[in-house]
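Q: I would like a close look at one part of this model, with the terms spelled out as you go. Please begin with how far the model can be trusted, and then move inward.

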Amino acid sequence: MMRRVLLRSPRSHTRRAASSTGMLTGQRIVAAVGGNALQRRGDRLTIENMLKAAKQMVPAISAIRSAGNEVVLTHGNGPQVGELALERSNASFDVLGAESQGQIGYVLSQAFQSAGVNAAAIVTQTLVDAADPAFSEPMKFVGPVYGFKEAEALAKSLEWTVKQDGEYYRRVVASPTPRAILQLDAVKALLDAGQFVIAAGGGGAPVSRVFGDIVGVEGVVDKDATAALMARSIGANGLIILTDGGGIWERFGKPDGREMRMVTPQFLVARKSGQAFPGSMGPKVNACIDFVTRSTVPGAWAIIGDLNDAAELMAGTKGTLIKEDLGPGGGDVVWYDREDAEAAAEKEAAPAAAADGATAEAADETKAELAA
């Protein structure tokens, strides 16, 4: 059973560890969702499809807020900024990043405000080092996926760098390390006023200081790295990175694969967890390690898990919790019990089958299939 730990806020008062529902409450939290959460693979990238996806996201984030937590929501922008780049080939990526923040911030604000939640979306600039070595080795995926021949043609005609992303190919651009968030005071002021804040979308528009001036640079900052920086900078208790594929796994996709329930940053570093997936899980794991190990807030934690399981993530029943101290007997890692997971799946399947008007016999067949 996951141990509930009393976490302290950076403010003077002590915050509660858990609500009567088992969810962590009274926390200051940064939640990060990917740009693909607003554009499922195979769907056309339209405002209508983005708004539909955003409305599906609202209950998950609202569940975290309604438990009495302060939330800053950050989001990716890979598909959106890539699409904008196709439409405006002469625009630099700092400008495109700012435009995508406005676009996505508008869509998210509309979705949340339709559900009765006032949202303040901030176009955010993220300071980077103009001499960052990332500029010489582009690795950040942006834009839609292409087949090999189409990607090869685009690379030649538009002078893109393309790399394989699963079975497809995508454009890649430089992704420098975030150093500071320039609109941090505005984020803090809105949080202190009780507002729901959307900020640092797409990692923030990358800028650098040149002879005292702030100037845009060509690149896309990783949104998970900026989310970790945001969490540290506002004194957050926790960082939640929401995915479409659950928590951190060992031997992911293999018959003997298993999911981590709780784990220390040191274990993740030693096992190089997520590093086999540099375009997906790797940056998320790195961001969580960075936040937990560098935070000045006692008991700082991070969670990686499925967007649809937000309430369960906060209750500690799904996803992967990353903390320095797992408690007595916790060691460096605690795994989910596979038999318990299968039993839970069976328990959920039966009511669903009944609700659909299935017979008891059909429900038994469903259970048998789940257990096979």
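How many contacts beyond four places in sequence does the model have for residues 347–372, where pLDDT stays under 50? And, as the main part, which residues touch the most other members of the largest nonpolar core?

A: This is a predicted model, in which local features need pLDDT of at least 70 and side-chain atom pairs count only at pLDDT 80 or more, while totals for chains, interfaces and linings use all residues. Residues are numbered from 1 along each chain as its sequence is written, and side-chain values use heavy atoms, with hydrogens and water left out.

For residues 347–372 the model has 10 contacts beyond four places in sequence, a contact being heavy atoms within 4.5 Å and pLDDT being the predictor's confidence in each residue, from 0 to 100. At the start of the chain, pLDDT also stays under 50 over residues 1–16, for which the model has 46 such contacts. Over the chain the mean pLDDT is 84, and 83% of the residues reach 70 or more.

Turning to the core, a nonpolar core here is a set of buried Ala, Val, Leu, Ile, Met, Phe, Trp, Tyr and Cys residues joined through side-chain atoms within 4.5 Å, where buried means under 20% relative accessible area, exposed over 50% and partly exposed in between, with a 1.4 Å probe and protein chains only. The largest such core has 37 residues, of which Leu73, Leu108, Phe112, Phe196 and Ile240 touch the most other members. Among the elements that give two or more residues to this core are strands S1 (28–33) and S2 (70–75), helix H1 (47–66) and helix H3, helices and strands being DSSP runs of H or I over at least four residues and of E over at least two, numbered from the N terminus. Helix H1 gives the largest share, 9 residues.

Leu73 shows how separate stretches of sequence meet: setting aside residues up to four places away, Leu73 touches Ala31, Val33, Ile61, Leu108, Phe112, Phe196, Val197, Ile198 and Ala199. A second, separate core of 36 residues includes Val72, Ile122, Phe267 and Ile289.

In helix H1 lies Ala60, which counts as buried because its relative accessibility is 10%. Ala60 and Asp309 are 249 residues apart in sequence, yet their C-alpha atoms lie 7.2 Å apart in space; beyond four places in sequence, Ala60 touches Leu307 and Ala310.

Strands S1 and S2 are also linked by charge, since a salt bridge (a side-chain nitrogen of Lys or Arg within 4 Å of a carboxyl oxygen of Asp or Glu) joins Arg28 to Glu70, with closest N and O atoms 2.6 Å apart. Arg28 belongs to S1 and Glu70 to S2, 42 residues apart, and both are buried.

Helix H3 (residues 93–114) has 22 residues and reaches 31 Å from its first C-alpha to its last, close to the 32 Å expected, a span taken as 1.5 Å times one less than the number of residues. Just after H3, Gly116 takes a positive phi of about 85 degrees. Glu99 forms a salt bridge with Arg88, the closest N and O atoms being 2.3 Å apart; Glu99 sits in H3 and Arg88 in the loop between helix H2 (78–87) and H3. Glu99 counts as partly exposed because its relative accessibility is 30%, and Arg88, at 36%, also counts as partly exposed.
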